[in-house]
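Trainee: I am new to this structure and would like a close look at a single part of it. Please choose one and walk me through it slowly.

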Amino acid sequence: MPSPDSKRDPEEKPAEPGELVASRWRRLLKGHWLASIVVMSVVAHGLMWAVQASQRTSGTPVRGEVTLGEFEFQSPPGAVSRVGSASFQLHISLLQEMESRARARLEGRRYKVQQDVEELLRQAHGGDFDDPQLDELKRQIQEQINQSLDLRAISEVIITDLAVDRRDVDLDPATAAAPETGEPANPPSIGTATWEEGPVRSYGPVSTSADPGA
């Protein structure tokens, strides 16, 4: 009986080790192609998230957000406020459906927007910066920019790099100094003597003699 080796084609060469490994991987992946697609999708989403996070931390502008620059607030002369001045970076986040129109108007009205925000800050109060969230100030800025653009396109106002110069000021109106004189604007009342007028009475001379008949 012929041996199995006698039936092998003499020209057939044994498979190389590398080909055997590749063949095994092909058989393995052929049955798990769906799992491979899921893994690649997860990896792709992870890479996209990492790129967006890197843009935020590196200062690269993120789509939908616009930086308007640095702005300053100065407390008016004579104002009784603990906040003397403040500076910050101003950014706005645009509504997705209005982003293209808003960017086009910002390009043509950038200096008007800047001027209107500066005018708003000149009318602000130091107390606006006492709120840790700056909610009221942000609301006013958002309304003002929407008016400047003649377009309601802002979804959020973002303030960063806030630096506030605080001073030691007495906020008690009874003892707060008047800006012109430096004296208390409302000094505490001090008691004053009052005199009542009445009829003048006349008294005769007082006798100093011990003898009543003298």
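Mentor: Let's begin with a word we will need often: a residue is buried under 20% relative accessible area, exposed over 50% and partly exposed in between, using a 1.4 Å probe and protein chains only. The model is predicted, so local features need pLDDT of at least 70 and side-chain atom pairs pLDDT 80 or more, while totals for chains, interfaces and linings use all residues. Residues are numbered from 1 along each chain as its sequence is written, and side-chain values use heavy atoms, without hydrogens or water.

The part I have chosen is the sheet, together with what packs around it. Three strands make up this open sheet, in the order 1-2-3, and they pair in the antiparallel sense. (Strands are DSSP runs of E with at least two residues, helices are runs of H or I with at least four, and both are numbered from the N terminus; two strands pair if DSSP finds at least two bridges between them.) Strand 1 (65-74) and strand 3 (154-166) are at the edges, and each has a single partner strand, so one side of each has no neighbour in the sheet. From one strand to the next, the twist averages 20 degrees. As background, strands of a sheet pair through backbone hydrogen bonds, in either a parallel or an antiparallel way.

Now follow the pairings. Strand 1 and strand 2 run antiparallel and are joined by 9 bridges. One place to find this pairing is Gly69, whose bridge partner in strand 2 is Leu90. On to the next pair: strand 2 (residues 83-94) and strand 3 are antiparallel too, with 10 bridges. Here Ser87 has Ala163 of strand 3 as its bridge partner, and Ser85 stands opposite Asp165 in strand 3.

Two helices belong in this picture. Helix 4 (residues 99-122) lies across strand 1 and strand 2 and runs at about 5 degrees to strand 1. (Axes are lines fitted to C-alpha atoms, for helices over the stretch in contact, and angles between N-to-C directions run from 0 to 180 degrees.) Helix 5 (residues 135-149) also packs on the sheet, where it touches strand 1, strand 2 and strand 3, and its direction makes about 130 degrees with that of strand 3.

How much of strand 2 is buried? Of its 12 residues, 11 are buried, so strand 2 is largely enclosed by the rest of the structure. Ser85 is a good residue to pause at: it is found in strand 2 and, at 17% relative accessibility, counts as buried. Leaving out residues up to four places away in sequence, Ser85 touches Phe73, Gln74, Ala163, Val164 and Asp165, where contact means heavy atoms within 4.5 Å. Phe129 is 44 residues from Ser85 in sequence, but their C-alpha atoms are 9.5 Å apart in space.

That brings us to the rings. There are 3 aromatic pairs by the rule used here: rings of Phe, Tyr and Trp (its six-membered ring) pair if their centres lie within 6.5 Å, and planes under 30 degrees apart count as stacked, over 60 as edge-to-face and the rest as tilted. Phe73 and Phe129 form a tilted pair, 5.1 Å centre to centre with 35 degrees between the planes. This pair links distant parts of the chain, because Phe73 is in strand 1 and Phe129 is in the loop between helix 4 and helix 5, 56 residues apart. Phe73 is buried at 1% relative accessibility, and Phe129 is buried at 3%. The rings of Phe88 and Phe129 have centres 6.4 Å apart and planes at 45 degrees, so this pair is tilted. Phe88 lies in strand 2, 41 residues from Phe129, and counts as buried at 1% relative accessibility. Ring pairs link Phe71, Phe73, Phe88 and Phe129 into a cluster.

Finally, look at the backbone on the strand 3 side. Most residues other than glycine have a negative phi. Asp161, in strand 3, has a positive phi of about 55 degrees although it is not a glycine, and at 60% relative accessibility Asp161 is exposed. Asp150 sits in the loop between helix 5 and strand 3; its phi is also positive, at about 55 degrees, and Asp150 is exposed, with a relative accessible area of 57%.
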